[in-house]
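Trainee: Could we go through this structure together, one step at a time? I would like to see how each answer is reached.

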Amino acid sequence: MYTCVVAADISGLSARIIRIEVDVNDGLPVFDMVGYLASSVKEARERVRIAVRNLGIFFPAKRVTINLSPANLRKDGTSFDLPIAVALLSAFGFIQEPINDKTMFIGELGLDGSIRPVRGVLAMLLEGRNEGIERFVVPSENAYEGSILSDVEVIGVSNLKDCIEYLNGEMEITPVSFDKSIWENASSDEDFCEISGQEEAKFAARIAVSGKHNLLFIGPPGSGKSMLAKRIPTIMPTLSLEECLSITKIYSICGALDKDRPLVTKRPFRSPHHTITQTALTGGGRVPTPGEITLASKGILFLDELPEFSKQTIEVLRQPMEEKKVTVSRLEGTEDYPCDCIFMAAMNPCRCGYYPDLSKCRCTVNEIHRYLDKISEPLLDRMDMSVEMSMPKFAMYGKYGETSEMIRERVQKNIEIQHKRYLTETFSYNGELSGKTMEKYCPLGSEEMRFLEDYFEEEEVSFRRLTRIVRVARTIADDCDEIDINSEHLAVAISLRSINKKYWGGDRL
């Protein structure tokens, strides 16, 4: 007897539809599995055989052939255990109800028949829905993850026995429904109003979030660099359903979902330790997997104490910061991972943290230069803004400013202006402008061009830095409700980068 069951697996950040074909015929007792299988899939034969036997079901001695189609794609992972078991039970007649191609099965089997969770369920459900699949039978622990897809049925099963009874119509299982209250509980306890002073840094943060600009904070210990950075997600717009699905899909594939909160409803804020490796930051490995920069998509990648990171590690960020993607090539294949995030970093001006206050700084001139030179000029060029944060005065103690909600409203207004402007484009933010789109959306008058030329000649900066200054000026103009960029906007954008010369230019010791 022949049976076919729909399954899926994960390749990179996408899912693939795989069909489990089972043929049972008379002949010498043989159990063959074919279809370009990795070891974890080949071992499914024993897991399925023992799990079924422990349910008290014994297969007759037959010639069994299982094919995972298409046969030219390498299959890996444990998500095929449940569909293989269902296909076998159907072929042997233990499941009487016919299984059509509108149902997908996903899950790993324990030897006791329990159905265990797997990674990437949401990605598999999204791919299945695109292929017209209407019902998904998944592990109970993964069911809520997939329930956000309201237009399909998601059935959670905890063991193989319940799955068999459900398919035979002996047990009714209610499809899992999504609890919308999880969106209401997505607020943060942190708030921008807790930061006293630092108005320039707050302004830079608002502009960075509004236009998707990279931002660097420089200042002594205790000036509030990390505190401010951790509150930046609170001024970012609330995640849309599409963005939530995109982020949750990545986290599901990486196995990074919170068991108590299986849906990502907050903007990611990734702050890896400075001992992180290049592979962990950008992705890779023998079988390519996403890194921190991909997990930060739609949110913030924040590197605290930037010079403490290995220079080779932070230098690999240069290309992703420009292209908004990471291409990882390995023997197992080539994958493109998104890194659609805002890059932010914080650093002390020297190892002790108090330069240029020579009354406190304990570092020698060479130590200061060596510390600052860990940040290369090409990397600095890719920072849209560099803001110095000084120690707050006592007069600011206990005084609070704008709340995150107030700032978020201004950010949302700026983003809506950009979305309307770039409605016919493939991008939506000022920070993504390049080439001819700069000429189209950032026209400069003769006065502004002279202003920019004077800056270029005096400071001897690169064209990349000029481009980023104009992008920031475009966002500043939006923040001021101005249609055109004027010299004042350019001056503010330049002032938000002028600190570079103090630490890396001719003004330093």
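Mentor: Let us begin with a definition: a residue is called buried when its relative accessible area is under 20%, exposed when that area is over 50%, and partly exposed in between. Please keep in mind that this is a predicted model.

Trainee: With a relative accessible area of 23%, to which class does Glu-425 belong?
Mentor: The cut-offs are under 20% for buried and over 50% for exposed. The relative accessible area of Glu-425 is 23%, so the residue falls in between and counts as partly exposed.

Trainee: Which residue forms a salt bridge with Glu-425, and is that partner buried or exposed?
Mentor: The salt bridge of Glu-425 is made with Lys-440, and the closest N and O atoms are 3.5 Å apart. Glu-425 sits in the loop between α17 (404–421) and α18, while Lys-440 belongs to helix α18 (residues 436–441), so that the pair links distant parts of the chain, 15 residues apart. Because its relative accessibility is 54%, the partner, Lys-440, counts as exposed.

Trainee: How many residues apart in sequence are the parts that Lys-502 and Glu-388 tie together?
Mentor: These two residues form a salt bridge in which the closest N and O atoms are 3.1 Å apart. Lys-502 lies in helix α22 (residues 499–504) and Glu-388 in strand β18 (residues 385–388), so the parts that they tie together are separated in sequence by 114 residues.

Trainee: In the salt bridge of Arg-318 and Glu-315, which residue counts as buried?
Mentor: The side chains of this pair meet with N to O at 2.5 Å. Arg-318 has a relative accessibility of 29%, and therefore counts as partly exposed. The other residue has 16%, which is under the 20% limit, so the buried one is Glu-315.

Trainee: How many salt bridges does a search of the whole structure find?
Mentor: Side chains of opposite charge can pair when their charged atoms come close. Some salt bridges share partners and join residues into one network, including Glu-322, Arg-382 and Arg-468. For the whole structure, the number of salt bridges found is 30.

Trainee: At about what angle do α8 and α17 pack?
Mentor: Two packed helices are described by the angle between their axes and the distance between the axes. Here the contact brings residues of α8, among them Arg-206 and Val-209, to residues of α17, including Ile-407 and Arg-410. The crossing is right-handed, and with the axes of α8 (residues 199–211) and α17 lying 8 Å apart, the angle is about 35 degrees.

Definitions and conventions:
Residues are numbered from 1 along each chain as its sequence is written. This is a predicted model: local features need pLDDT of at least 70, side-chain atom pairs count only at pLDDT 80 or more; totals for chains, interfaces and linings use all residues. Side-chain values use heavy atoms; hydrogens and water are left out. A salt bridge is a side-chain nitrogen of Lys or Arg within 4 Å of a carboxyl oxygen of Asp or Glu. Buried means under 20% relative accessible area, exposed over 50%, partly exposed in between (1.4 Å probe, protein chains only). Helices (H or I, at least four residues) and strands (E, at least two) are DSSP runs, numbered from the N terminus. Axes are lines fitted to C-alpha atoms, for helices over the stretch in contact, and angles run from 0 to 180 degrees between N-to-C directions. A crossing is left-handed if the near helix is turned anticlockwise from the far one by less than a right angle, and right-handed if clockwise. Contact means heavy atoms within 4.5 Å.
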